[in-house]
Amino acid sequence: MKSRSLSLVLVPLLFLLPVLRAGPGCAPCDPAQCAPLPAEGCPAGSLRDICGCCAVCAAAEGELCGGRRAAARRCGSGLECVRSDDDKKSKTGVCACKSTYEVCGTDGTTYRNGCALKTASMAAQKEGGEAISIQNKGRCASAPIIVTPPGQVYNVSGSQVYLSCEAVGVPTPVLTWRKVLGGKRKAELLPGDRDNLAIQTRGGPEKHQVTGWVLISPLTEEEAGSYECHAANSKGEASATGAIHLVDSIDDIIVKTGMKEDEL
Ligand SMILES: *[C@@H]1O[C@H](CO)[C@@H](O)[C@H](O)[C@H]1NC(C)=O
């Protein structure tokens with residue numbers, strides 16, 4: 001009996017809440033006076049206005065938020081209103097995503113953060129598609145792609161030459177080099193036992209990217225030929241070939257690689 005009488009007091013109080021929350025400048029709530037939400041929907045979802053009365057579009061990532069009284073705008077869920085120090089007086093800020101890392105969506109697309117995914121999910125649902133949720137933190141896994149294949153290098157016997165190769169993929173690919181042998185012989189995994197040949201690999205320059213080199217010094221007839229750059233990760237593999245050509249004289253050297261020395 002006691003709990004019943006308590007609810008008799010509490011329930012009417014709940015209905016009063018919006019009115020209690022309503023700050024100065026809020027007229028008594030009349031839902032009929034509320035402007036309708038845009039037909040195309042709200043990119044960052046909707047919420048109650050500052051007076052707790054009408055449904056309004058939440059401010060999306062990058063949009064202004066804060067402000068005074070009835071004109072105040074609030075950020076959508078997952079967003080926070082960030083005010084710059086010099087802007088403290090104006091009380092306005094910009095909505096920024098609480099999460100700052102890339103995420104992979106269940107649609108197989110990488111989003112810059114959770115808010116971008118949420119926006120895409122709402123747009124997809126509006127089109128009658130399925131909601132997108134987070135599959136994993138970080139980028140979506142993808143098979144390697146060779147972004148810069150090894151080129152063609154021409155030089156004389158005894159010179160110092162190199163081939164380079166850049167690949168990207170998620171997880172970051174593992175790079176290997178093979179010398180392509182003619183006929184029925186299998187390609188040889190490098191460096192093998194050659195003491196004038198070195199393989200070098202470095203991460204970058206971009207995220208999930210790897211760059212590798214075959215360095216030869218001194219160049220002999222043995223090393224002339226085709227070289228295959230091979231990139232592999234859990235999602236697949238890719239390869240591209242370049243070649244080293246031995247020429248008789250410096251005058252025959254044609255630089256076709258497009259490689260800049262400072263990239264080494
Ligand atoms: C050719 O060899 C010379 C001498 O080792 C070297 O300085 C030059 O960079 C080489 N050129 C190419 C295109 O590899």
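Helices (H or I, at least four residues) and strands (E, at least two) are DSSP runs, numbered from the N terminus. This is a predicted model, in which local features need pLDDT of at least 70 and side-chain atom pairs count only at pLDDT 80 or more, while totals for chains, interfaces and linings use all residues. Residues are numbered from 1 along each chain as its sequence is written, and side-chain values use heavy atoms, with hydrogens and water left out.

**Exercise 1. Place Cys51 among the strands, and decide: is Cys51 buried or exposed?**

Step 1. Look at the loop between β1 (46–48) and β2 (55–57): Cys51 lies there.

Step 2. Check the accessible area. Buried means under 20% relative accessible area, exposed over 50%, and partly exposed in between, with a 1.4 Å probe and protein chains only. Cys51 has a relative accessible area of 13%, so Cys51 is buried.

Step 3. Now compare sequence with space. Gly25 is 26 residues from Cys51 along the chain, and their C-alpha atoms are 8.4 Å apart.

**Exercise 2. Work out the strand order of the open five-stranded sheet, and how its strands pair.**

Step 1. Fix the criterion: two strands pair if DSSP finds at least two bridges between them. As background, strands of a sheet pair through backbone hydrogen bonds, either parallel or antiparallel.

Step 2. Read off the order, which is β10-β17-β16-β12-β13, with mixed pairing. The edges are β10 (152–156) and β13 (188–189), each paired on one side only.

Step 3. Go through the pairs:
- β10 and β17 are parallel, over five bridges; Tyr154 stands opposite His245 in β17.
- β16 and β17 are antiparallel, over nine bridges, and a hairpin joins β16 to β17 through two residues. Here Tyr227 stands opposite Gly242 in β17.
- β12 and β16 are antiparallel, with seven bridges, and Arg178 has Glu228 in β16 as its bridge partner.

**Exercise 3. Find which residues of the largest nonpolar core touch the most other members, and which strands supply the core.**

Step 1. Define the set: a nonpolar core consists of buried Ala, Val, Leu, Ile, Met, Phe, Trp, Tyr and Cys residues joined through side-chain atoms within 4.5 Å.

Step 2. Among the 20 residues of the largest core, Ile146, Trp177, Ile216, Tyr227 and Ile244 touch the most other members.

Step 3. At least two core residues come from each of β11 (161–170), β12 (174–180), β15 (209–216), β16 (225–233) and β17 (236–247). The most come from β11, which gives four.

Step 4. Another core, of 10 residues, lies apart from this one; Ala58, Ala60, Cys75 and Cys97 are among its members.

**Exercise 4. Locate the backbone features at Pro171, Pro191 and His208.**

Step 1. Recall the usual case: most residues other than glycine have a negative phi, and most peptide bonds are trans.

Step 2. Take the prolines. The bond from Val170 to Pro171 is cis, with omega near -5 degrees, and Pro171 sits in the loop between β11 and β12. Leu190 and Pro191 are also joined by a cis peptide bond, with omega about 10 degrees; Pro191 is in the loop between β13 and β14 (197–203).

Step 3. Turn to His208, in the loop between β14 and β15. Its phi is positive, near 65 degrees. With a relative accessible area of 19%, His208 counts as buried.
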